[in-house]
Amino acid sequence: MTTTVDLVPGLITTRDAIAGTFGCGTFQGIEPADKAGKVFVFSDPSAGEEYGYTFDGHAEDDEFGPLYLYTGAGANGDQKPSGRNGSLLTHVEKNRELHLFVAHGRVPGGGAMLQRYIGEMVLDPIKPYDVRRGPGRDGVMRNVLVFRFRPAAGSTPAWTEADRVPAAAKTAIEITDPAVSVSVPTPVVLPQQSGAKVKATEQHTTAETVADIPAARRKVLRREGELVNAFTAHLEAAGHKTHSFQITIKGEPAALTPDLYDATDHALYEAKGQTTRANIRMAIGQLADYRRHIPNGSSLRVAVLLPSEPSDDLRDLLGKENVELVYQTEDGFAGWPLAYNQP
């Protein structure tokens with residue numbers, strides 16, 4: 001008997017039925033279906049809970065709209081942006097639609113897991129994934145790739161309140177790699193089955209979804225990532241050790257993730273892609289929030305990292321709030337080394 005699955009958001013089906021229709025595998029969380037021009041993603045938050053973390057779920061909307069987080073492939077050791085994870089990063093380049101399912105109980109009287117179809121997604125072209133810390137199947141802490149999905153243009157996701165990222169069970173802090181800029185491959189036009197498409201890239205590598213990420217804001221976020229990368233390289237060339245933090249708060253979903261921590265100077269940096277009052281005020285608030293959770297916070301120095309010199313009044317604002325200033329110049333970074341060293 002031929003199996004046919006019509007991909008309508010809210011559909012409840014099985015992986016065998018999906019495989020029978022589209023020719024993908026049935027065992028992995030990320031299953032490419034090459035001939036069908038699709039990649040199927042199966043999210044099961046309970047799987048992460050077994051190991052003590054849950055990153056999967058519908059996250060809080062940001063300025064670009066809805067967002068779904070998905071933990072990548074790899075049971076033990078650091079997850080890599082290759083293999084099945086790479087099939088997510090290249091789904092636009094390879095002209096493949098991305099379809100998201102979540103576990104939905106089991107078939108009555110049987111053992112097969114039911115799958116609820118959320119809808120067609122597009123990997124966030126500005127920040128395709130975050131690096132988080134979590135235990136592997138072997139109990140050893142490792143880097144986990146948490147992919148960031150946006151609903152494809154024309155798609156209405158069928159998620160429910162139960163699909164929200166669950167709140168953290170405890171407050172904790174983990175050391176992570178610095179926040180780095182990650183680029184997705186140069187895009188092509190997506191298939192039109194559900195109205196999803198991608199515009200031509202502005203230049204180099206970063207794609208743009210049709211409606212969710214305005215071009216101006218895209219430039220700012222890319223500049224911010226490049227700024228962090230450049231300053232991290234600057235610090236490491238000077239012999240400084242750098243990393244960042246993953247801060248989870250009991251009762252709250254997701255995590256706080258500062259841009260960069262200089263362990264050599266015990267200094268925390270928050271980067272902004274524009275030297276504007278709104279951005280600087282936001283950075284001051286973020287740093288005030290983060291520093292409460294950083295070990296030895298009373299002696300922690302905090303600084304805003306900017307792409308250019310701000311106005312005199314904004315410099316005065318930073319000084320009044322005891323926030324130091326570092327900004328990029330043609331020759332490097334003004335304001336660094338920081339004015340004084342901790343005892």
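**A friendly look at pockets, sheet and cores**

Modeller: Let's open with a space in this predicted model: the second largest pocket holds about 690 Å³.

Biologist: Nice start! Which helix gives the largest share of the lining of the second largest pocket?

Modeller: The lining of this pocket has 30 residues, and Gly29, Phe42, Asp44, Ala47 and Tyr70 lie nearest the centre. At least two lining residues come from each of E3, helix H2 (45–49), strand E5 (65–71), E6 and E7. The largest share is 3 residues, and the element that supplies them is H2.

Biologist: Let me step back to the whole chain. What percentage of its residues count as buried?

Modeller: The chain has 6 helices and 18 strands. Among its contacts with a separation of 6 or more, 61% are between residues 24 or more positions apart. Of the 343 residues, the share that counts as buried is 48%.

Biologist: Now the open sheet, please. Which strands are at its edges?

Modeller: Happy to! The sheet is mixed in its pairing and has 7 strands, in the order E10-E13-E14-E15-E16-E17-E18. An edge strand pairs on one side only, and that applies to strand E10 (172–176) and strand E18 (332–334). From one strand to the next the twist averages 35°. The edges, then, are E10 and E18.

Biologist: Let's zoom in on one pair of strands there. Which residue in E14 does His243 stand opposite?

Modeller: Strand E13 covers residues 242–248 and strand E14 covers residues 260–262. The two run antiparallel and are joined by 2 bridges. In E14, the residue opposite His243 is Tyr261.

Biologist: And what angle does the direction of helix H5 make with that of E15?

Modeller: Helix H5 (residues 277–291) packs on the sheet. Its contacts there are with E13, strand E15 (267–271) and strand E16 (301–306). Relative to the direction of E15, the direction of H5 makes an angle of about 145°.

Biologist: Which element supplies the largest share of the largest nonpolar core?

Modeller: This core has 20 residues, and Leu268, Val304, Leu318 and Val323 touch the most other members. E13, H5, E16, helix H6 (312–320) and strand E17 (324–329) each bring at least two residues to the core. The largest share is 5 residues, supplied by H5.

Biologist: Which residues does Val304 contact, leaving aside neighbours within four places in sequence?

Modeller: Val304 is one of the core members that touch the most others. With those sequence neighbours set aside, the contacts of Val304 are Glu270, Ala283, Leu287, Leu318, Val323, Glu324, Leu325 and Val326.

Biologist: Is Met282 buried, partly exposed or exposed?

Modeller: Met282 sits in helix H5. Its C-alpha atom is 9.5 Å from that of Glu270, which is 12 residues away along the chain. Buried would need under 20% relative accessible area and exposed over 50%. Because its relative accessibility is 47%, Met282 counts as partly exposed.

Biologist: One last stop, at helix H1. Which residue with positive phi follows H1?

Modeller: Helix H1 spans residues 15–22, and its buried residues are Arg15, Ala17, Ile18, Ala19 and Phe22. What covers them includes strand E1 (12–14), strand E2 (30–33), strand E3 (38–43), strand E6 (97–106) and strand E7 (113–123). After H1 comes a residue whose phi is positive, near 80°, and that residue is Gly23.

Methods. Residues are numbered from 1 along each chain as its sequence is written. This is a predicted model: local features need pLDDT of at least 70, side-chain atom pairs count only at pLDDT 80 or more; totals for chains, interfaces and linings use all residues. Side-chain values use heavy atoms; hydrogens and water are left out. Two strands pair if DSSP finds at least two bridges between them. Helices (H or I, at least four residues) and strands (E, at least two) are DSSP runs, numbered from the N terminus. Axes are lines fitted to C-alpha atoms, for helices over the stretch in contact, and angles run from 0 to 180 degrees between N-to-C directions. Contact means heavy atoms within 4.5 Å. Buried means under 20% relative accessible area, exposed over 50%, partly exposed in between (1.4 Å probe, protein chains only). A nonpolar core is a set of buried Ala, Val, Leu, Ile, Met, Phe, Trp, Tyr and Cys residues joined through side-chain atoms within 4.5 Å. On a 1 Å grid over the protein atoms alone, a cavity is a set of points where a 1.4 Å probe fits but cannot get out, and a pocket is an open set with protein on both sides within 12 Å along at least five of seven lines; lining residues have an atom within 4 Å of a point. Grid points are joined across faces, edges and corners, and a volume is the space filled by probe spheres set on the points.
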